[in-house]
Amino acid sequence: MTERPAPAGSGLDAANSVQRHWYAAYTAANFEKHVAAGLHSRSVEHFLPLYSSVRRWKDRRVTLELPLFRGYIFVRLALAEKRRVLQVPGVVRLV
């Protein structure tokens with residue numbers, strides 16, 4: 001018995017291809033930038049939105065880059081690559 005290729009519109013070939021989607025990764029407190037560096041070193045596409053905030057102390061002013069969504073970083077991956085993200089120190093789980 002010989003196998004025939006799936007018809008073009010059957011969707012079987014699409015199931016075999018890797019589809020990447022955006023997920024939110026929940027991080028440990030104040031670890032968003034550390035996780036972003038870890039994801040960058042593992043070549044995982046990620047997005048960490050930051051905003052600038054000026055903080056004043058008695059003797060100086062400091063401009064800080066803070067995460068827009070505390071405790072979260074966005075990653076784009078196929079669900080089969082989930083383990084690569086979960087092994088980064090500071091990542092708690094995918095949401």
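Here are a few friendly notes to help you find your way around this predicted model.

1. A good place to begin is strand S1, which covers residues 21–27. Along one side, S1 pairs with strand S5 (residues 72–77) in the antiparallel sense, through six bridges. To find this pairing on screen, look for Trp-22, which stands opposite Arg-76 in S5.

2. S1 has another partner as well: strand S6, residues 91–94. These two strands also run antiparallel, and three bridges join them. Thr-27 is a handy marker here, with Val-91 as its bridge partner in S6.

3. Val-91 is worth a second look. Besides being the bridge partner of Thr-27, Val-91 belongs to the largest nonpolar core, which has 13 residues. Val-91 is among the residues with the most contacts inside that core, together with Val-35, Leu-39, Ile-73 and Val-85. Helix H2 (32–41), S5 and S6 each supply at least two residues of this core.

4. Which residues does Val-91 touch, once its neighbours within four places in sequence are left aside? The contacts are Ala-25, Tyr-26, Thr-27, Val-35, Val-85 and Leu-86.

5. Now for the surface. Tyr-51, Leu-68, Phe-69, Tyr-72 and Val-95 make a nonpolar patch of about 470 Å². Val-95 lies in the segment after S6. Is Val-95 buried or exposed? Its relative accessible area is 57%, and exposed means over 50%, so Val-95 counts as exposed.

Definitions and conventions. Residues are numbered from 1 along each chain as its sequence is written. This is a predicted model: local features need pLDDT of at least 70, side-chain atom pairs count only at pLDDT 80 or more; totals for chains, interfaces and linings use all residues. Side-chain values use heavy atoms; hydrogens and water are left out. Two strands pair if DSSP finds at least two bridges between them. Helices (H or I, at least four residues) and strands (E, at least two) are DSSP runs, numbered from the N terminus. Patches are made of residues with over 30% relative accessible area and no salt bridge: like charges are joined within 9 Å, nonpolar side chains (Val, Leu, Ile, Met, Phe, Trp, Tyr) within 5 Å. Accessible areas come from the Shrake-Rupley method with a 1.4 Å probe; for residues, only the protein chains shown count as cover. A salt bridge is a side-chain nitrogen of Lys or Arg within 4 Å of a carboxyl oxygen of Asp or Glu. Buried means under 20% relative accessible area, exposed over 50%, partly exposed in between (1.4 Å probe, protein chains only). A nonpolar core is a set of buried Ala, Val, Leu, Ile, Met, Phe, Trp, Tyr and Cys residues joined through side-chain atoms within 4.5 Å. Contact means heavy atoms within 4.5 Å.
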